[in-house]
Amino acid sequence: MLVQDRTLPKSPKSQIRTSSHRFSDSKSLDFSTWVRDNLFKIVTVLLLIATIAALSFLRNFTDTASLIQSKSQEHSPNAIPLPVINWNSIQPIADKSSVYSRFRSEKWIVVSVDRYPTDSLKKLVKIKGWQVLAIGNSRTPKNWNLKGAIFLSLDMQANLGFRVLDFLPYDSYVRKSCGYLFAIQHGAKKIFDADDRGDVIGDDLGKHFDVELVGEGARQGTILQYSHENPNRTIVNPYVHFGQRSVWPRGLPLENVGEISHEEFYTEVFGGKQFIQQGISNGLPDVDSVFYFTRKPSLEAFDIRFDDRAPKVALPQGMMVPVNSFNTIYQSSAFWALMLPVSVSTMASDVLRGFWGQRLLWEIGGYVVVYPPTVHRYDKIEAYPFSEEKDLHVNVGRLIKFLVSWRSNKHRFFEKVLELSHSMAEEGFWTERDVKFTAAWLQDLIAVGYQQPRLMSLELDRPRASIGHGDRKEFVPRKLPSVHLGVEETGTVSYEIGNLIRWRKNFGNVVLIMFCSGPVERTALEWRLLYGRIFKTVIILSEQKNEDLAVEAGQLEQVYRHLPKIFSRYTSAEGFLFLQDDTILNYWNLLQADKNKLWITDKVSKSWSTVSPNGKSDWYSKQAEMVKEVVSTMPVHFQVNYKEAIRSDQSLIICSSELFYIPQHLAADFVDLVNLVGNVQLHHKVAIPMFFVSMDSPHNFDSVFSTMVYKRKPPTNSSTFYSAQAPAVHPWNVSSEQDFIKLIRIMAEGDPLLMELF
């Protein structure tokens with residue numbers, strides 16, 4: 001527009017006059033002369049055209065990029081982004097605010113404190129050559145002080161400038177992550193991860209651990225190692241090796257509790273790369289709440305002793321062991337593995353960290369070694385709720401299998417670390433918050449001067465060498481006295497634990513799908529805790545989606561439409577059990593059921609009935625017409641089965657369908673039937689029985705639910721209504737944590753391990 005305005009004539013007269021004058025001056029008009037006379041105008045017009053073309057291209061490019069991004073987001077609406085880090089542009093973080101800015105030490109003991117200094121902590125500060133670092137939180141007394149210890153209050157932590165501070169909760173021991181960075185920043189080469197209620201035996205960490213891996217103080221030689229002969233063995237209970245067969249550590253999958261036999265033989269590994277060293281604790285060892293609440297009278301303190309003469313033992317690649325945060329030495333090569341995740345429960349954080357760290361340790365050629373008793377911890381009989389371990393009992397077995405099979409093509413170690421954290425979030429072991437936390441943690445490590453380790457080739461991907469007779473090393477653990485439900489250990493695992501193992505083995509590959517009509521924010525976690533101990537996994541559907549609780553959206557009236565998607569995610573499962581939250585499942589009474597057959601409440605008259613739509617409401621007539629429409633499109637094998645079960649076209653099967661089971665080999669048939677329904681608005685109570693009698697004859701259904709307690713309306717006295725001898729009980733209302741606690745106490749008649757766990 002500006003160019004055109006500048007060339008517009010003022011009037012027709014001036015235009016004529018100018019033209020006449022211009023032509024009169026020129027005797028011979030050729031092209032070169034015209035170009036020379038109009039060069040400025042030509043260049044201006046060309047620039048204008050180029051500008052317009054560039055703007056048009058940028059707009060189209062931006063629109064195309066936006067469309068690509070939009071389509072990408074449509075395909076993966078819940079995808080967790082992998083943080084992008086420029087590793088070469090991370091600025092150093094120096095301690096400029098604390099009075100310890102110039103202090104350096106190579107050996108640090110890091111503890112979390114939320115009370116005044118304990119006697120055990122006062123002993124820790126006296127251990128020669130080690131600097132105690134106490135990390136405060138919101139519960140720590142304001143005037144906390146201990147001579148010889150460095151104390152970092154919340155205010156002091158806030159001034160350190162670490163990225164991880166944005167993610168740490170104020171009232172949790174996981175704030176130790178800030179302390180680890182502080183120690184590394186101030187020269188740490190070894191970090192003893194401890195708590196304030198354990199006494200180091202002999203007041204000398206070097207007496208028990210391999211504090212020095214190289215140099216004069218290093219203990220050279222080989223270390224006993226668990227055999228890798230069985231590649232399917234991915235987790236071990238180290239307490240068996242140290243003389244306590246019926247004690248198990250926090251983080252051991254409950255299905256492995258019954259593995260109490262000693263090793264047939266061991267192998268050996270050269271020392272020097274035991275970058276994570278896990279010590280055993282006498283007194284109160286690291287045990288989970290299942291053990292703590294069921295292995296002793298409530299007012300009696302534990303005082304369990306392990307064999308201090310048993311040799312330390314290493315874990316080969318492909319095999320893991322629970323690692324905790326109160327009796328463990330980390331060498332500098334494993335400082336990256338100190339990160340305590342923030343999106344899981346507090347009692348699960350260090351254990352999940354340990355499994356995550358062990359998997360990554362294999363990438364740098366390192367391994368974990370478990371040591372005989374290094375600490376004596378005192379049992380203060382301070383109970384913690386089972387709910388604090390929710391992320392352990394529900395997921396730990398699946399996590400270990402995932403970690404052993406996980407592979408990465410990244411070429412930098414820290415990129416592998418970040419990728420694994422991202423993969424674990426995608427698998428639901430923790431959330432996106434821990435992916436971001438990992439990115440912040442790795443950047444902070446580099447910022448305080450930490451050098452990431454070099455990658456080594458993964459032994460897991462090499463052919464396993466056969467173990468010759470000369471490579472086999474024998475060690476038979478001692479059998480030390482222990483406590484077992486308040487009496488001396490007799491060499492067998494408890495009856496209750498044995499039951500739990502049997503139930504888990506029977507249903508450990510069955511997926512439980514629950515539909516919650518009640519408030520999921522109050523009950524979803526509890527349902528997972530209750531049934532997650534037994535089943536492969538617990539999928540929760542509800543009217544409202546809740547990503548934080550991993551609750552998927554679904555409509556009860558047509559919930560069958562959501563099942564094929566779940567089936568496709570678990571193709572290796574034995575079967576799928578559907579359960580509404582108004583029905584209680586007594587899983588201990590289902591062991592005799594045939595998992596290759598269909599289960600449904602067809603023998604329960606108040607749940608399953610055949611009606612004639614005539615004389616009924618319009619709803620029944622409409623549903624009957626829709627059933628006829630679907631049946632008419634069925635392949636012959638479905639249609640024959642259906643018509644053999646339903647002799648009259650005027651009949652309609654109604655089933656409340658709160659509870660049913662589909663074996664894996666019939667899952668494809670179920671999916672085909674759902675697809676046949678298409679857009680027809682069949683109700684759940686009509687569609688499910690129609691599907692079942694189409695897949696197989698009712699004579700072949702397993703009758704496991706035939707003796708369930710079933711009422712159409714809830715009774716006034718629920719305590720007398722419940723029966724632990726029935727396979728299931730309906731109806732039952734759970735809408736709050738208090739309701740859940742009442743239910744657990746009643747169910748403990750059939751599963752005593754539930755007692756006092758909530």
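G449 sits in the loop between α14 and β12 (483–484). In this predicted model, G449 counts as partly exposed because its relative accessibility is 49%. Follow the chain away from G449 and I184 is 265 residues off, yet the C-alpha atoms of the two are separated by 7.9 Å.

That pairing fits a wider pattern. Take the contacts in the protein between residues at least 6 apart in sequence: 79% of them join residues at least 24 apart. The protein has 758 residues, and buried residues make up 53% of them. Its secondary structure comprises 23 helices and 24 strands.

Now step back along the chain from α14 to helix α13. This helix covers residues 413–426. Its 14 residues should span 20 Å at 1.5 Å a residue, and the end C-alpha atoms are 20 Å apart, so the two values agree. Is α13 mostly covered or mostly open? It is mostly covered, with 11 of its 14 residues buried. The buried set begins with F413 and F414. It goes on through K416, V417, L418 and L420. S421, H422, S423, M424 and A425 complete it. What do these buried residues pack against? Their partners are α10 (346–361), α12 (396–405) and α14 (432–447). After α13 comes G428, with a positive phi near 85 degrees.

A second helix, α21, can be read the same way. It runs over residues 684–695. At 1.5 Å a residue, its 12 residues should span 16 Å; the end C-alpha atoms are 16 Å apart, so expectation and model agree. Of these 12 residues, 11 are buried, so α21 is largely enclosed by the rest of the structure. H684, V686, A687, I688, P689 and M690 are among the buried residues of α21. F691, F692, V693, S694 and M695 are buried too.

The loops hold details of their own. D379 lies in the loop between β11 (368–377) and α11 (390–393). Is D379 buried or exposed? Its relative accessibility is 9%, and the cut-off for buried is under 20%, so D379 counts as buried. Its side chain has polar partners. One is the side chain of Y292, in a polar contact at 2.8 Å. Another is the backbone nitrogen of F302, which lies 2.8 Å from a polar atom of the D379 side chain.

Two further loop residues stand out by their backbone angles. D203 is in the loop between β5 (198–200) and β6 (222–226). Its phi is near 55 degrees, a positive value in a residue other than glycine. S657 is in the loop between β21 (652–655) and β22 (659–663). Phi of S657 is also positive, near 55 degrees, and S657 is likewise not a glycine. How accessible is each? D203 counts as partly exposed because its relative accessibility is 47%. S657 has a relative accessible area of 0%, so it is buried.

Further along, P731 lies in the loop between β24 (728–730) and α23 (737–747). The peptide bond that leads into P731 from H730 is cis, with omega near 0 degrees.

Last, look for empty space inside. Rolling a probe the size of a water molecule over the atoms shows where such space is left. How many cavities of 30 Å³ or more does a search of the whole structure find? It finds three. The largest has a volume of about 90 Å³. Its lining includes P238, Y239, P249, R250, Q278 and G279. I280, S281, D286, P322, V323 and N324 also line it. Two elements give two or more residues to this lining, α8 (238–241) and β8 (276–283). The largest share, four residues, comes from β8. By class, the lining divides into six nonpolar, four polar and two charged residues.

The second largest cavity has a volume of about 50 Å³. D210, E212, L213, R219, Q220, G271, G272 and Q274 line it. One of these lining residues is nonpolar, four are polar and three are charged.

Terms used. Residues are numbered from 1 along each chain as its sequence is written. This is a predicted model: local features need pLDDT of at least 70, side-chain atom pairs count only at pLDDT 80 or more; totals for chains, interfaces and linings use all residues. Side-chain values use heavy atoms; hydrogens and water are left out. On a 1 Å grid over the protein atoms alone, a cavity is a set of points where a 1.4 Å probe fits but cannot get out, and a pocket is an open set with protein on both sides within 12 Å along at least five of seven lines; lining residues have an atom within 4 Å of a point. Grid points are joined across faces, edges and corners, and a volume is the space filled by probe spheres set on the points. Ala, Val, Leu, Ile, Met, Phe, Trp, Tyr, Cys and Pro count as nonpolar, Asp, Glu, Lys and Arg as charged, and the others, Gly among them, as polar. The expected span of a helix is 1.5 Å times one less than its number of residues. Buried means under 20% relative accessible area, exposed over 50%, partly exposed in between (1.4 Å probe, protein chains only). Contact means heavy atoms within 4.5 Å. A polar contact is a pair of N or O atoms within 3.5 Å; within protein, one must be able to donate a hydrogen and the other to accept it, and residues adjacent in sequence count only if both atoms are side-chain atoms.
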